[in-house]
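Q: Here is a structure to work through. Please explain each label by setting the value against its cut-off.
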Amino acid sequence: MSRGIKTKIRRLEAENLEVISDIGGVEEISPCDVELFFPLFLGRDTTAFHAADICDHLKEVDRDVGLRHAESLLKVQGRLPEEWKKYFLLFPGTVLRVVHGKKLLYMPSLTWTQNGGWVIYYYLIWRRDWSRDKHAFIRMKR
């Protein structure tokens with residue numbers, strides 16, 4: 001069953017999003033429980049990457065961290081490594097979509113802001129420029 005959330009997406013437009021796929025998992029994690037990883041499709045010359053492609057390119061074990069984990073890390077953001085600030089930290093265990101209008105898909109992300117803090121943004125999956133080196137995915141440490 002999906003759950004609805006009221007949030008803001010990257011462009012800061014109010015949207016109603018619903019969770020259509022969520023890994024769930026433990027509610028509390030710390031930065032020492034997770035690691036950054038860079039899938040094989042990062043760095044390729046592509047400007048559009050479909051949501052289905054993420055499932056094709058990410059192993060199931062690489063999709064073990066989602067929105068709940070992003071929220072947990074946000075609570076302890078002072079403990080996030082300094083080097084993570086240069087990345088959009090994507091949590092592929094959760095996929096959301098717009099409730100009304102075009103059924104666009106989003107993925108949660110922790111992003112360092114110019115105001116000096118981390119925020120959760122919801123990035124449109126379909127039209128991401130995955131060739132940039134500023135994207136990092138989060139997974140449980142192995």
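Q: Which residues of the largest nonpolar core touch the most other members?
A: Trp84, Leu89, Phe91, Leu110 and Ile138, out of 24 residues in that core. A nonpolar core is a set of buried Ala, Val, Leu, Ile, Met, Phe, Trp, Tyr and Cys residues joined through side-chain atoms within 4.5 Å. Strands S2 (14-22), S3 (34-37), S5 (94-98), S6 (105-112), S7 (118-124) and S8 (135-140) and helix H2 (67-75) each supply at least two residues of this core. The largest share, 4 residues, comes from S7. Another core lies apart from it, with 10 residues, among them Leu90, Val95, Ile125 and Phe137.

Q: What kind of model is this, and how are residues numbered?
A: This is a predicted model, where local features need pLDDT of at least 70, side-chain atom pairs count only at pLDDT 80 or more, and totals for chains, interfaces and linings use all residues. Residues are numbered from 1 along each chain as its sequence is written, and side-chain values use heavy atoms, with hydrogens and water left out.

Q: What makes the helices and strands countable, and how many are there?
A: They are DSSP runs, numbered from the N terminus: helices are H or I with at least four residues, strands are E with at least two. The protein has 2 helices and 8 strands. Along the sequence the pattern reads β-β-β-α-α-β-β-β-β-β.

Q: Why is Trp118 called buried and Trp112 partly exposed?
A: Buried means under 20% relative accessible area, exposed over 50%, and partly exposed in between (1.4 Å probe, protein chains only). Trp118 has 5%, so Trp118 is buried. Trp112 has 30%, so Trp112 is partly exposed. Of the 142 residues of the protein, 46% count as buried.

Q: Why is the pair of Trp112 and Trp118 called edge-to-face?
A: Rings of Phe, Tyr and Trp (its six-membered ring) pair if their centres lie within 6.5 Å; planes under 30 degrees apart count as stacked, over 60 as edge-to-face and the rest as tilted. Here the centres are 5.6 Å apart and the planes stand at 70 degrees, so the pair is edge-to-face. The whole structure holds 4 aromatic pairs. Ring pairs also link Phe88, Tyr121 and Tyr123 into a cluster.

Q: How do you know that Lys85 lies over the face of Trp112?
A: A charge sits over a ring if NZ of Lys or CZ of Arg is within 6 Å of the ring centre and within 35 degrees of the ring normal. Lys85 lies over the Trp112 face, at 4.0 Å from the ring centre.

Q: What does Leu110 touch, not counting residues up to four places away in sequence?
A: Contact means heavy atoms within 4.5 Å. Leu110 touches Ala70, Leu73, Leu74, Leu80, Tyr87, Phe88, Leu89, Phe91, Trp118, Val119 and Ile120.

Q: Why are Gly24 and Ser30 called buried?
A: Gly24 has a relative accessible area of 14% and Ser30 has 11%, so each falls under the 20% limit. Gly24 lies in the loop between S2 and S3. Ser30 is found in the loop between S2 and S3. Ser30 touches Leu73 and Arg79, not counting residues up to four places away in sequence.

Q: What makes S5 and S6 a pair?
A: Two strands pair if DSSP finds at least two bridges between them. S5 and S6 are joined by 2 bridges and run antiparallel, so they pair. Arg97 stands opposite Leu105 in S6. The hairpin has 6 residues between the strands, and Gly101 takes a positive phi near 90 degrees there. S5 is mostly covered, with 4 of its 5 residues buried.
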